[in-house]
Structure formats: C-alpha cells, structure tokens
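Reader: Hello! Could you take me on a close look at the charged side chains in this structure, and at what surrounds them?

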Amino acid sequence: MKTRITEMLGIQYPIIQGGMAWVAEHHLASAVSAAGGLGLIGGANAPGEVVREEIRKARELTDKPFGVNVMLMSPYADDVAKVVVEEGIKVVTTGAGNPEKYMEMWKAAGIKVIPVVASVALARRMEKYGADAVVAEGTESGGHIGEATTMTLVPQVADAVSIPVIAAGGIGDGRGVAASFMLGAEAVQIGTRFVVAKESIVHENYKQRLIKAKDIDSAVTGRSHGHPIRCLRNKMTREYVRLEQEGKSFEELEYLTLGSLRRAVQEGDINEGTVMAGQIAGMITKEQSCEEIIREMMEQAEHLLNRS
Ligand code: TUI
C-alpha cells in the first residue's frame with residue numbers, strides 16, 4: 001500500500017507508532033521501524049539529553065528510519081526540539097499543543113514535521129506553517145485527548161488540507177486501517193496495540209490489564225480542568241472523577257497523578273497508577289511482536305480494501 005506517507009517517510013507500511021510517554025522508548029521504536037512501520041521515540045516529559053540517549057540506542061538496534069514525538073506541554077520541549085535537529089532526526093511528530101515556534105528550525109534542518117491535531121482549525125494552521133502531514137487524532141485515543149471522534153475528524157481534516165492525513169484514535173486492527181483509508185487517511189497511527197507488543201518494556205501487569213480490558217473500561221480524568229486524559233478505569237480514576245465532581249481544582253488533584261503514569265508503566269501499579277489506553281483496549285487479546293501486529297493488520301486491511 002503505497003501512499004504519499006510511505007513515500008515521504010521511506011517506510012514499507014503506512015503505520016506509525018504513537019509517541020507514548022514512558023512507553024515509546026528505543027526498544028519499541030526500533031522494533032516498529034524494523035518491521036516496516038515508523039517507530040517513534042516519545043519525548044514526553046524527559047530532558048533533552050535523555051531523548052538524545054534514546055535516539056542513539058534506537059540507532060544501534062535498527063538502520064531503518066524512526067522519528068521523535070515532541071510533547072509540547074513538557075518543560076523540556078525547547079531542549080528536545082533542538083536535540084532532534086542535532087541528532088539528524090528526519091521525522092518529528094508533536095502532541096498536546098501548537099508547534100509553530102519550532103517549525104522554521106525543523107524545516108531548515110530538512111525534518112518532516114507532522115503535528116498531531118484534534119481539530120480542523122489546527123490542521124489548517126499547521127499546513128499554512130509548512131507541516132508535511134498531520135495526524136488527525138480522535139477522542140478514542142489514550143492519553144491527552146480532544147473532543148471530536150476519529151470518524152468525524154479524519155474526513156473533515158482530509159477535506160480541509162492538501163497535505164496527507166494520518167488517522168489516529170480507535171484503530172486496533174486491519175478493519176480500523178481500512179476504515180481510516182475510506183475516511184481519507186493515507187496512514188494510521190497506532191498506540192494502544194503496540195503497548196502490548198513483545199518488544200514493549202511496559203510492566204506485565206499493565207499488559208495483562210489491557211488484555212483483560214472490556215469495551216467500556218475506559219475513563220477520562222481532568223475533563224473539568226480542560227486536560228482530559230483517557231486511561232483504564234481503576235481506583236485512581238474513580239477517586240479523581242469523584243473529586244472533580246465535587247469541584248476540586250487541577251492543583252488539588254495533582255497528588256493523584258504525579259508520577260502515576262511512570263508507576264503504572266514501570267512498577268506495574270495498575271490500581272493507583274495511570275493506565276493510559278485508547279478505547280480499542282477491549283480488542284486486544286494477546287501479546288504479539290511488532291512484526292506480527294503490523295503483518296496481521298496490513299493483511300486484513302488489504303483484504304478488506306481489495307474487496308471493496
Ligand atoms: O499528545 C497527545 N497525547 C498525549 S500527550 C501525553 S503526556 C501527558 N501526560 C500527562 C498529562 C498531560 C500529557 C499523553 N497523551 N496526543 C496528541 C494530541 N494533541 N491530542 C490532542 C492534542 C492537541 C490538543 C489541543 C493538540 C493541540 C491542541 O491545541 C493547541 C492549540 O494551541 O490550539
């Protein structure tokens with residue numbers, strides 16, 4: 001399946017891995033790239049030097065191209081933005097904000113810039129500022145989310161811009177890939193399914209929780225504060241949402257989420273930690289290698305698209 005995205009990024013399959021905080025490190029990114037997709041190192045809230053090390057370690061594991069996701073709410077975003085240039089990274093995606101202030105520097109370095117957007121307005125603006133593509137991410141995604149669903153956002157973004165669109169949010173198998181193409185996307189971004197990849201360093205408790213998850217196990221914390229985060233329902237989310245309903249502020253509830261994603265990912269604290277996951281969690285039934293995940297998705301997608 002050749003598209004403008006596979007050509008632009010020099011990848012075999014139109015599959016991009018999400019830049020997931022604490023999860024998208026060098027093992028996962030290099031495995032996705034080695035399997036023919038585009039792996040990403042997630043900058044998350046890490047200092048520039050940590051991201052630099054991750055980039056170098058990924059390079060030891062694969063010769064294939066991989067990118068970096070710059071999380072714009074990070075206090076280290078400026079540092080990470082420079083590190084990607086210094087390290088000769090060829091593709092950058094951004095999340096949780098507007099990357100305008102870095103665009104000139106990245107474009108001058110020949111980097112392909114792919115902002116993640118949750119609205120048509122930001123997609124249009126990113127095209128005007130020279131973005132090479134956009135990821136249109138629906139509210140079905142895990143982590144920091146927007147309001148629009150993938151089903152409604154992707155075609156509206158595809159109509160609004162001329163650059164290629166990558167669909168994200170709620171895509172867990174080949175049916176989702178095929179549907180995304182029908183909606184006008186030229187690639188997909190996959191997060192949650194790769195959390196359960198063999199090469200993912202996520203704690204076994206987290207993986208098993210995802211495998212056990214049902215369709216309605218997802219919760220959103222922080223809606224009332226304007227920082228909605230989708231994760232799997234647990235003791236932490238119940239407490240958070242209850243206190244939010246009582247009118248508690250973001251600052252008053254910060255104690256519940258400080259370091260909570262790291263605790264879930266690295267220590268396996270799935271009760272009080274933040275188990276970020278998208279709504280497709282209920283579709284995940286087993287751990288598989290990145291290579292198996294990508295092959296299975298692409299075979300199913302190609303079969304469905306040829307049939308239609
Ligand atoms: O960025 C994400 N997903 C994320 S980032 C993250 S790390 C984190 N951890 C704890 C608290 C907060 C963040 C976990 N998940 N997805 C991309 C995405 N970007 N989704 C939505 C947006 C977005 C939303 C509003 C992008 C821009 C925007 O407005 C920008 C503007 O200025 O108009």
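Author: Happy to help; here is a walk through the charged residues, followed by the ligand and a few loop positions.

This is a predicted model, in which local features need pLDDT of at least 70 and side-chain atom pairs count only at pLDDT 80 or more, while totals for chains, interfaces and linings use all residues. Residues are numbered from 1 along each chain as its sequence is written, and side-chain values use heavy atoms, with hydrogens and water left out.

Let's begin with glutamate 54, which sits in helix α3, residues 48–61. (Helices are DSSP runs of H or I with at least four residues, strands are runs of E with at least two, and both are numbered from the N terminus.) Glutamate 54 is buried but has no salt bridge. Buried here means under 20% relative accessible area, exposed means over 50%, and partly exposed is in between, using a 1.4 Å probe and protein chains only. A salt bridge needs a side-chain nitrogen of Lys or Arg within 4 Å of a carboxyl oxygen of Asp or Glu. For glutamate 54, the nearest side chain of opposite charge is lysine 57, 4.4 Å away. Lys and Arg count as positive and Asp and Glu as negative, whereas His and the chain ends are not counted.

What does the side chain of glutamate 54 reach? At 2.7 Å it finds the backbone nitrogen of histidine 26. That is a polar contact, meaning a pair of N or O atoms within 3.5 Å; within protein, one must be able to donate a hydrogen and the other to accept it, and residues adjacent in sequence count only if both atoms are side-chain atoms. Setting aside neighbours within four places in sequence, glutamate 54 is in contact with Glu25, His26 and Ile41, where contact means heavy atoms within 4.5 Å.

Arginine 52 is also placed in helix α3. Arginine 52 counts as buried because its relative accessible area is 12%. Outside the four places on either side in sequence, arginine 52 is in contact with Val83, Glu86 and Glu87. Arginine 52 and glutamate 86 are 34 residues apart along the chain, and their C-alpha atoms are separated by 9.0 Å. Both belong to a network of salt bridges that links Glu49, Arg52, Arg56, Arg59, Glu86 and Glu87.

By the salt-bridge rule, the count comes to 22. One of them joins arginine 125 to glutamate 100, with the closest N and O atoms 2.3 Å apart. Arginine 125 belongs to helix α6 (residues 120–128) and glutamate 100 to helix α5 (residues 100–108), so this pair ties together parts that are 25 residues apart in sequence. Arginine 125 is partly exposed, at 37% relative accessible area, and glutamate 100 is buried, at 18%.

Another salt bridge brings together the side chains of glutamate 287 and lysine 207, at 2.8 Å from N to O. This pair links distant parts of the chain, 80 residues apart: glutamate 287 is in the loop between α13 (260–267) and α14 (290–307), and lysine 207 is in helix α10 (residues 204–212). Glutamate 287 is partly exposed, at 31%, while lysine 207 is buried, at 4%.

The loop between α13 and α14 also holds glutamine 288, which is buried, at 5% relative accessibility. A polar contact of 2.6 Å joins the side chains of glutamine 288 and arginine 193. Not counting residues up to four places away in sequence, glutamine 288 touches several residues, including Arg193, Val196, Lys198 and Glu296.

Now to the ligand. Of the 14 residues around it, Ala96, Gly97, Val116, Glu137 and His144 come nearest; a residue is near if one of its heavy atoms lies within 4 Å. A polar side-chain atom of glutamate 137 lies 2.9 Å from a ligand nitrogen atom. Polar backbone atoms take part too: one of alanine 96 is 3.0 Å from a nitrogen atom of the ligand, and one of histidine 144 is 2.9 Å from a nitrogen atom of the ligand. Taken alone the ligand exposes 720 Å², and the protein buries 69% of that. These areas come from the Shrake-Rupley method with a 1.4 Å probe; for residues, only the protein chains shown count as cover.

Finally, look at alanine 44 in the loop between β2 (39–42) and α3. Alanine 44 has a positive phi, near 45 degrees, in a residue other than glycine, and is buried, at 10% relative accessibility.
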